[in-house]
Structure formats: C-alpha cells, structure tokens
Amino acid sequence: MGTNTNAVLKAEVIVEEAELFQKRKQVGILGGNFNPVHLAHLVMADQVQQQLGLDKVYLMPTYLPPHVDEKKTIDSQHRLAMLELAITDNHNLAVEPIELFRKGKSYTYDTMKALTQNNPDTDYYFIIGGDMVEYLPKWYKIDELLTLTNFVGIRRPHYGTITPYPIMWVDVPQMDISSTLIREKIKNGCSTRYLLPDSVIHYIEEKELYVDGF
C-alpha cells in the first residue's frame with residue numbers, strides 16, 4: 001500500500017512539473033522608433049504589463065518604419081542604448097532588438113512570424129495606440145498577422161473603439177509627450193527634465209544627440 005502511495009505521489013509530481021514546464025509565456029510587444037524613448041512609452045508598457053498580468057513587455061525599436069514618408073532618425077545603436085538605460089530598474093520590461101538585427105523595412109507580420117517561430121512557447125500581445133486601430137486594414141498581411149499575435153489597444157481621447165478586428169482595450173494615463181516634442185526642445189536648448197528618464201537625458205547630453213532636431 002505504501003509503495004503504491006509513493007508511486008502515485010511521484011506520478012503527481014511529474015505531472016505538475018510537466019504542466020509547469022509547458023506553461024505558456026505571455027509577452028507584450030511595444031514597437032516604435034523610440035527616437036528617443038520617453039516616459040509616456042514606459043508608462044504605456046508598464047501599465048499594459050500590470051493590467052494584463054503579462055510575464056514581460058518588450059520594447060521593440062524599428063530599423064526602418066514601413067511608411068511611404070520615411071522619417072529621419074538617429075543611428076539605431078543610440079536608440080537601442082537609450083532603451084536599455086530606460087528600463088534598467090524595471091524587471092518587467094525588456095528590449096527586443098530583432099528588427100535592428102534584421103535591418104531593412106520593419107513589417108510587423110515578418111517580425112511576429114520570426115518571433116513565434118523562435119519562441120513557440122510564447123503568446124504575444126502587440127500593443128498599439130487607439131489612433132492606429134483605424135489603420136489596421138492597411139497593415140501588411142493583417143489577416144495572417146492576427147493568427148500570430150493578440151492586439152492590445154490603448155484608448156485615446158477622440159478615437160473610437162469600434163473595429164472589425166479583435167482588440168483588447170486598456171486604459172493608460174494620458175501623457176502628452178512625443179519624441180518630436182523632445183527633439184525640438186533639445187534643438188532649442190530647452191530642458192527635458194521629467195519628460196525622459198535621467199539616464200536617457202545624460203546619454204543624450206554626453207553624445208550630443210538631437211542638436212539638429214533629428
């Protein structure tokens with residue numbers, strides 16, 4: 001009887017360990033140019049991670065956005081360095097440099113296909129602002145993309161939430177900060193205190209970035 005009991009207990013332990021091993025990871029992706037990363041980016045990533053209970057949210061810098069009107073940007077090594085500095089004290093956030101390594105234009109479908117193939121144990125949640133939802137029909141291979149990731153929409157004032165696509169909506173404190181605003185302030189010699197992490201401010205000053213506004 002004792003032997004059978006031990007065997008049952010061992011079997012239960014094995015099953016529990018297998019279930020734990022097979023537990024899928026829940027990971028968010030926040031893409032962007034991050035030129036530079038600012039506090040609104042970080043608040044958005046952190047709030048989505050907390051509200052959805054994700055294991056982690058990765059900030060994913062683009063190499064070249066797939067827009068017709070390509071935006072000027074600083075070298076990707078600087079954007080990556082600033083992201084790494086910005087998330088140092090938050091273990092719930094990380095950086096995903098896949099698009100920088102791949103180079104070329106960054107189509108979300110290609111990126112998510114690669115990520116899901118490389119990480120078959122992970123469910124992905126792609127985070128976009130509410131102002132971007134109306135453009136989803138124009139996204140490259142949007143129907144195929146929907147099979148690779150869940151979309152998380154950040155509610156924005158004056159933008160609706162009605163869409164034919166499945167979107168998980170999240171409320172995040174509104175912060176009227178943009179990378180364009182920050183670049184203009186630096187170009188004009190204005191302070192960016194409380195708009196950027198101090199570590200990012202120091203990096204920008206050390207490298208003399210954005211003095212021409214780009």
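Colleague: In which strand is the place of T122?

Modeller: This is a predicted model: local features need pLDDT of at least 70, side-chain atom pairs count only at pLDDT 80 or more, and totals for chains, interfaces and linings use all residues. Residues are numbered from 1 along each chain as its sequence is written, and side-chain values use heavy atoms, with hydrogens and water left out. Elements here are DSSP runs numbered from the N terminus, helices being H or I of at least four residues and strands E of at least two. T122 has its place in strand β4.

Colleague: Is T122 buried or exposed?

Modeller: Buried means under 20% relative accessible area, exposed means over 50%, and partly exposed lies in between (1.4 Å probe, protein chains only). The relative accessible area of T122 is 8%. Therefore T122 is buried.

Colleague: How far apart in space are T122 and Q26?

Modeller: Contact means heavy atoms within 4.5 Å. Leaving out residues up to four places away in sequence, T122 touches R24, K25 and V27. T122 and Q26 are 96 residues apart in sequence, but their C-alpha to C-alpha distance is 6.0 Å.

Colleague: Which residue forms a salt bridge with D123?

Modeller: A salt bridge is a side-chain nitrogen of Lys or Arg within 4 Å of a carboxyl oxygen of Asp or Glu. For D123, the closest N and O atoms are 2.9 Å apart, and the partner is R24. D123 lies in strand β4 and R24 in the loop between α1 (2-22) and β1, so the pair ties together parts 99 residues apart in sequence. At 36% relative accessibility, the partly exposed partner is R24.

Colleague: How many salt bridges does the structure hold?

Modeller: Besides the pair just named, R156 and D131 meet through their side chains at 2.8 Å, N to O. R156 is in the loop between β5 and β6, and D131 in the loop between β4 and α6 (142-145), 25 residues apart. R155 also pairs with D171, the closest N and O atoms being 3.3 Å apart. The structure's total number of salt bridges is 3.

Colleague: Which residues have the most contacts inside the largest nonpolar core?

Modeller: A nonpolar core is a set of buried Ala, Val, Leu, Ile, Met, Phe, Trp, Tyr and Cys residues joined through side-chain atoms within 4.5 Å. The largest has 38 residues. Elements giving two or more residues to this core include α2 (39-52), β2 (56-61), α3 (76-86) and β4 (122-129). Those with the most contacts inside the core are V37, L59, M82, I127 and I204.

Colleague: How many residues are in the other core?

Modeller: That core lies apart from the largest one. Among its members are F126, L136, L145 and F151. Its residue count is 19.

Colleague: Against which elements do the buried residues of α7 pack?

Modeller: In α7, S179, I182, R183 and I186 are buried. They cover an arc of only 100° around the axis, which puts them on the same side of α7. The arc is that of the directions from the helix axis to the C-beta atoms. The buried residues of α7 pack against α2 and α8.

Colleague: What is omega near for the peptide bond from N35 to P36?

Modeller: P36 has its place in the loop between β1 (25-32) and α2. The bond from N35 to P36 is cis, with omega near 5°.

Colleague: What is phi of K103 near?

Modeller: K103 sits in the loop between α4 (98-102) and α5 (108-118). At 48% relative accessibility, K103 counts as partly exposed. K103 is a residue other than glycine, yet its phi is positive, near 65°.

Colleague: Does H158 count as buried or exposed?

Modeller: H158 has its place in the loop between β5 and β6 (167-170). H158 is a residue other than glycine with a positive phi, near 75°. At 86% relative accessibility, H158 counts as exposed.
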